[in-house]
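Work through the exercises below with the structure open beside the text. Try each task before reading its solution.

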Amino acid sequence: MAIVAPSVLSLDFSDFKNQVEKLNSSEAEWIHFDVMDGHFVPNLTFGPDILKAFKKSSDLFMDVHIMVSDPVFFSNVFIENGADCITFHLEALESIEKCVELAREIRKKGVLAGISIKPKTSCECLYDVLNEFDLVLVMSVEPGFGGQKFDDTALDKIRKLKEEIEKRNCHTLIEVDGGINQATGLLCKNAGADVLVAGSYVFKQNIVEAVKTLK
Ligand code: DX5
Ligand code: ZN
């Protein structure tokens, strides 16, 4: 059984109330927020007010994926507005030491800390610092847009990370994001993923049914 995290990037905001009610009644445990700054990725999404709106209408765990060039600044903005987990990108900071430093700051505030890697970034540099993170997010598309095709090089990374996590007795979760549907979701779960993010697959059909097929 995986944790399912529908990505609100694909939510129909003209039908906000109804779609959030559907998420609340589904088997999803998390909601995934894709924050983009128009700089780290060539797309711009939302700020902390969106989190506040969800907080009023849902008790789901708020999983915030910040695709921004300044994760140190933006992690605080989203923590102050209700994030339960902040996942920032390894590629946004100049070294792994800086990533560990930021994760420690996030955890100090009682929020889970996640680190994300893009499809072309290898996962080996994370092995020795896995215990510093609550979650590793393996991107299975280039970050920036929903509706892209699943890149199966993510599967090998998930397998390797799972092995390292078990070897080191860590509790780090593995999350995968991009091109997830029932078939690719199953491949990821079999490879060792704990959390599946899905945007277009969930919101382009019956939300409750779609979530069920990913569990
Ligand atoms: C991509 C985002 C994803 C996106 C996934 O940059 O990080 O969370 O919403 O969308 P789908 O599931 O449509 O690939
Ligand atoms: Zn995401």
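The exercises that follow use a predicted model.

**Exercise 1.** Find where ligand 1 sits and which elements give two or more residues to the shell around ligand 1.

Solution. Start with the site: ligand 1 occupies the largest pocket. Next, list the elements that contribute two or more residues to its shell: β2 (30–36), β3 (61–67) and β8 (195–198). Of these, β2 gives the most, with 3 residues.

**Exercise 2.** Describe the residues that surround ligand 1, by number and by class.

Solution. First, the number: 20 residues surround ligand 1. The closest are Asp34, Gly144, Asp177, Gly199 and Ser200. Then sort the shell by class, which gives 8 nonpolar, 10 polar and 2 charged residues.

**Exercise 3.** Give the distances from oxygen atoms of ligand 1 to polar side-chain atoms of aspartate 177 and serine 200, then treat serine 7 likewise.

Solution. For serine 200, the distance is 2.5 Å. For aspartate 177, the distance is 2.6 Å. For serine 7, an N or O atom of the side chain is 2.9 Å from an oxygen atom of ligand 1. Now consider the cover: alone, ligand 1 has 390 Å² of accessible area, and the protein covers 100% of this.

**Exercise 4.** Locate glutamate 124 and decide whether glutamate 124 is buried, partly exposed or exposed.

Solution. Glutamate 124 belongs to the loop between β5 (112–117) and β6 (135–139). Its relative accessibility is 37%. Buried requires under 20% and exposed over 50%, so glutamate 124 counts as partly exposed. Finally, its C-alpha atom is 27 Å from that of phenylalanine 73, with the two residues 51 apart along the chain.

How values were computed
Residues are numbered from 1 along each chain as its sequence is written. Chains are lettered from A and ligands numbered from 1 in the order in which they are written. This is a predicted model: local features need pLDDT of at least 70, side-chain atom pairs count only at pLDDT 80 or more; totals for chains, interfaces and linings use all residues. Side-chain values use heavy atoms; hydrogens and water are left out. A residue is near a molecule or strand if one of its heavy atoms lies within 4 Å of it. A polar contact is a pair of N or O atoms within 3.5 Å; within protein, one must be able to donate a hydrogen and the other to accept it, and residues adjacent in sequence count only if both atoms are side-chain atoms. Accessible areas come from the Shrake-Rupley method with a 1.4 Å probe; for residues, only the protein chains shown count as cover. On a 1 Å grid over the protein atoms alone, a cavity is a set of points where a 1.4 Å probe fits but cannot get out, and a pocket is an open set with protein on both sides within 12 Å along at least five of seven lines; lining residues have an atom within 4 Å of a point. A molecule sits in a cavity or pocket if more than half of its atoms lie within 2 Å of its grid points. Helices (H or I, at least four residues) and strands (E, at least two) are DSSP runs, numbered from the N terminus. Ala, Val, Leu, Ile, Met, Phe, Trp, Tyr, Cys and Pro count as nonpolar, Asp, Glu, Lys and Arg as charged, and the others, Gly among them, as polar. Buried means under 20% relative accessible area, exposed over 50%, partly exposed in between (1.4 Å probe, protein chains only).
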